[in-house]
Amino acid sequence: MALRHAVLAALLDEELSGYQLVKAFDLGVANFWHAQPQQVYAELTRLEKDGLITGREVVQDTRPNKRLFQVTDAGLAELDRFAATAAKPSFLRDDLIVKVQAADHVDTPTLIARLTERSALAQAKVELFGKILRGMRGDRTEEEFLRHGERIGPYLTCLRGLAFEQGNRDWCERTITVLRERGDADVPR
């Protein structure tokens, strides 16, 4: 997947400025695609040049003018083409996992501290995803929303982000428990 597809997907619901798009990436898209703000802005320029999005200038009285972007028919066709291609398998690349791989040879309290930090970050994201999901579905139950909601794509990707962060949190907590128990077992009684 290229950044262009993530940007096109993020622009499906409404016109967004570059700033709003960066914020959308931070809240929703980041659970499946990470990009730096400068990468998003550069991609907007390329997408507009390629005719996959259009931008329009909005004059503001008290702030600098801004450009709002929306997906064109060509952009929708590109997303359709992308959706039809086989998905590549994902892979995990995480420095914390490498640190745990070396658990038998590194300082255990330091490793536990890193795992505790990651667990807290994952829990914060779990809470954020929960809030976003509740906002998307409003007064409906999840099953009602999934059956009758207008756009379920963002909801489904947010569910994936939630499950991912729950898994991160649970793995960190389990690993901390194992390391602590092993540490206790090594202490002579």
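## The sheet

In this predicted model, Thr 54 has Gln 70 as its bridge partner in strand E3. That contact belongs to the pairing of strand E2, residues 53-58, with E3, which runs antiparallel over 6 bridges. Look along the same two strands and you'll find Val 58 standing opposite Lys 66 of E3.

E3, residues 66-71, also pairs with strand E1, residues 16-17, again in the antiparallel sense, here over 2 bridges. On that side, Leu 16 sits opposite Phe 69 of E3. Put the pieces together and you get an open sheet of 3 strands in the order E1-E3-E2, with antiparallel pairing. E1 and E2 are the edge strands with a single partner strand each, so one side of each has no neighbour in the sheet.

## The aromatic pair

Now for the rings. A pair of aromatic rings is described by how far apart the centres are and by the angle of the planes. The count here comes to 1 aromatic pair. Its members are Phe 145 and Tyr 155, with centres 4.7 Å apart and 45 degrees between the planes, which makes the pair tilted. Why tilted? Because the angle is neither under 30 degrees, as stacked would need, nor over 60, as edge-to-face would need.

The two rings come from distant parts of the chain: Phe 145 belongs to helix H7 (residues 142-148) and Tyr 155 to helix H8 (residues 153-186), with their positions 10 residues apart in the numbering. Are these residues buried or exposed? Phe 145 counts as buried because its relative accessibility is 4%, and Tyr 155 is buried too, with a relative accessible area of 0%. Both values fall under the 20% cut-off for buried.

## The nonpolar surface patch

Helix H8 holds another aromatic residue to check out, Phe 164. Phe 164 is partly exposed, because its relative accessible area is 34%, a value between the 20% and 50% limits.

Which residues form a nonpolar patch on the surface with Phe 164? Leu 92, Ile 97 and Trp 171 do, and together the four have about 370 Å² of accessible area. So H8 supplies Tyr 155 to the tilted aromatic pair, while Phe 164, also in H8, is part of the nonpolar patch on the surface.

Technical notes
Residues are numbered from 1 along each chain as its sequence is written. This is a predicted model: local features need pLDDT of at least 70, side-chain atom pairs count only at pLDDT 80 or more; totals for chains, interfaces and linings use all residues. Side-chain values use heavy atoms; hydrogens and water are left out. Rings of Phe, Tyr and Trp (its six-membered ring) pair if their centres lie within 6.5 Å; planes under 30 degrees apart count as stacked, over 60 as edge-to-face and the rest as tilted. Helices (H or I, at least four residues) and strands (E, at least two) are DSSP runs, numbered from the N terminus. Buried means under 20% relative accessible area, exposed over 50%, partly exposed in between (1.4 Å probe, protein chains only). Patches are made of residues with over 30% relative accessible area and no salt bridge: like charges are joined within 9 Å, nonpolar side chains (Val, Leu, Ile, Met, Phe, Trp, Tyr) within 5 Å. Accessible areas come from the Shrake-Rupley method with a 1.4 Å probe; for residues, only the protein chains shown count as cover. A salt bridge is a side-chain nitrogen of Lys or Arg within 4 Å of a carboxyl oxygen of Asp or Glu. Two strands pair if DSSP finds at least two bridges between them.
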